[in-house]
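Q: I have a model open and want to learn how to read it. Where do we begin?
A: With the model itself, then one feature at a time.

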Amino acid sequence: MRYEIKGETLPVVICYLESGEKMITEGGGMAWMSPNMKMETTSNGGIGKVFGRMFSGEKLFQNFYTAVGGNGIIAFASSFPGSVRAFEISPGNEIIAQKTAFLASEAGVDCSIHFSRKFSSGLFGGEGFIMQKFSGHGTMFAEFDGHVIEYDLKAGQKIVVDTGHLAAMSSSCRMEIVSVPGVKNMLFGGEGIFNTEITGPGHVWLQTMPISNVANALRPYFPTGNNN
């Protein structure tokens, strides 16, 4: 499978498949394709995987697209202004990503639930208690909000991230929730009460414009009552 990512603000990944090759995406992920791409909707696993996708924010069913009778083309477009990144997944190179990051992948990539190590991460972390872990073998495409900044952390090296800005990290990284020091800072600093602390070794992908921040910025401009 070959691919190219085009566009900047609203990117799209175009995949060029040889006959018999398959891609997985969620309903609504496909933008355009050649007429020889055969679609099959499936739960892609047992009831455990179905509920796992539900809890991780993904849709219950997935679509398989197979190039039939020759080479095929299929494109997957982002759903929000941001970035599309390709990850080469293999044993030892698993990725943990935010909920709703999954755009599409080759059939050999497996998506499962990833729980934060500490229960406090689930209660207070902006990234949530449940994230997604991508394992197996193949190329996976993820969509992130805004631009993406990357850091390579050495063993024991840390970075503190504001709520929602963690897009993805290597599975070798550790995520914990830390409180903002000082009561005055918590109450009046405007940065919230908790931050996310990532500890290496591993790679970290940070997003500049979390969709949750955009929603909060727009909320004051939405009508709140009945206009009648």
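## Reading the features

A: The charged end of R2 sits over the ring of Y16, at 4.7 Å from the ring centre. Keep in mind that this is a predicted model.

Q: How do I read a charge over a ring, and which cut-off applies here?
A: For an Arg, take CZ and ask whether CZ is within 6 Å of the ring centre and within 35 degrees of the ring normal. Here R2 is placed over Y16, with 4.7 Å to the centre.

Q: What does Y16 stand opposite in β7?
A: Y16 faces I73 there. The strands involved are β2, residues 12-17, and β7, residues 72-77. They pair in the antiparallel sense, over 6 bridges.

Q: How do I read the whole sheet? What is the order of its strands?
A: Go from partner to partner. The order is β1-β2-β7-β4. This is an open sheet of 4 strands, and the pairing is antiparallel.

Q: Why is one side of β1 and of β4 left without a neighbour in the sheet?
A: Count partners. β1 (2-6) and β4 (30-33) each have a single partner strand, so they stand at the edges with one side free of a neighbour in the sheet.

Q: By how many degrees are neighbouring strands of this sheet turned against each other on average?
A: By 20°, with direction ignored.

Q: Next, the backbone. Which residues does the cis peptide bond with omega of about 20° join?
A: Read omega along the chain. The bond joins G200 and P201. P201 is in the loop between β18 (194-199) and β19 (202-207).

Q: What should I note about the phi of T100?
A: Check the sign, then the residue type. T100 has a positive phi, about 70°, although it is not a glycine. T100 belongs to the loop between β9 (95-97) and β10 (102-106).

Q: Why does T100 count as partly exposed?
A: Partly exposed covers the range between buried, under 20%, and exposed, over 50%. T100 has 46% relative accessibility, so it counts as partly exposed.

Q: Now the interior. How many residues has the largest nonpolar core?
A: It has 18. Look for the residues with the most contacts inside this core: F87, I89, F134, M140, F144 and W205.

Q: Which strands each supply at least two residues of this core?
A: β8 (82-89), β9, β11 (109-115), β13 (138-145) and β16 (166-170). The largest share, 3 residues, comes from β13.

Q: What is I89 in contact with, leaving aside neighbours within four places in sequence?
A: The partners of I89 are I95, V109, F134, S135, G136, H137, G138 and M140. There is also a second, separate core, of 13 residues. M23, Y65, F76 and L103 are among them.

Q: How many aromatic pairs does the structure hold?
A: There are 4. Read each by centre distance and plane angle. For F87 and F144, the centres are 6.2 Å apart and the planes stand at 75°, so the pair is edge-to-face. F87 is in strand β8 and F144 in strand β13, 57 residues apart. Both are buried.

Q: Why is the pair of F87 and W205 edge-to-face?
A: Use the angle again. The planes are at 75°, so this pair is edge-to-face, with ring centres 4.9 Å apart. F87 lies in strand β8 and W205 in strand β19, so the pair ties together parts 118 residues apart in sequence.

Q: Is W205 buried or exposed?
A: W205 is buried, and so is F87. F87, F144 and W205 form one aromatic cluster.

Note on methods: Residues are numbered from 1 along each chain as its sequence is written. This is a predicted model: local features need pLDDT of at least 70, side-chain atom pairs count only at pLDDT 80 or more; totals for chains, interfaces and linings use all residues. Side-chain values use heavy atoms; hydrogens and water are left out. Two strands pair if DSSP finds at least two bridges between them. Axes are lines fitted to C-alpha atoms, for helices over the stretch in contact, and angles run from 0 to 180 degrees between N-to-C directions. Buried means under 20% relative accessible area, exposed over 50%, partly exposed in between (1.4 Å probe, protein chains only). A nonpolar core is a set of buried Ala, Val, Leu, Ile, Met, Phe, Trp, Tyr and Cys residues joined through side-chain atoms within 4.5 Å. Contact means heavy atoms within 4.5 Å. Rings of Phe, Tyr and Trp (its six-membered ring) pair if their centres lie within 6.5 Å; planes under 30 degrees apart count as stacked, over 60 as edge-to-face and the rest as tilted.
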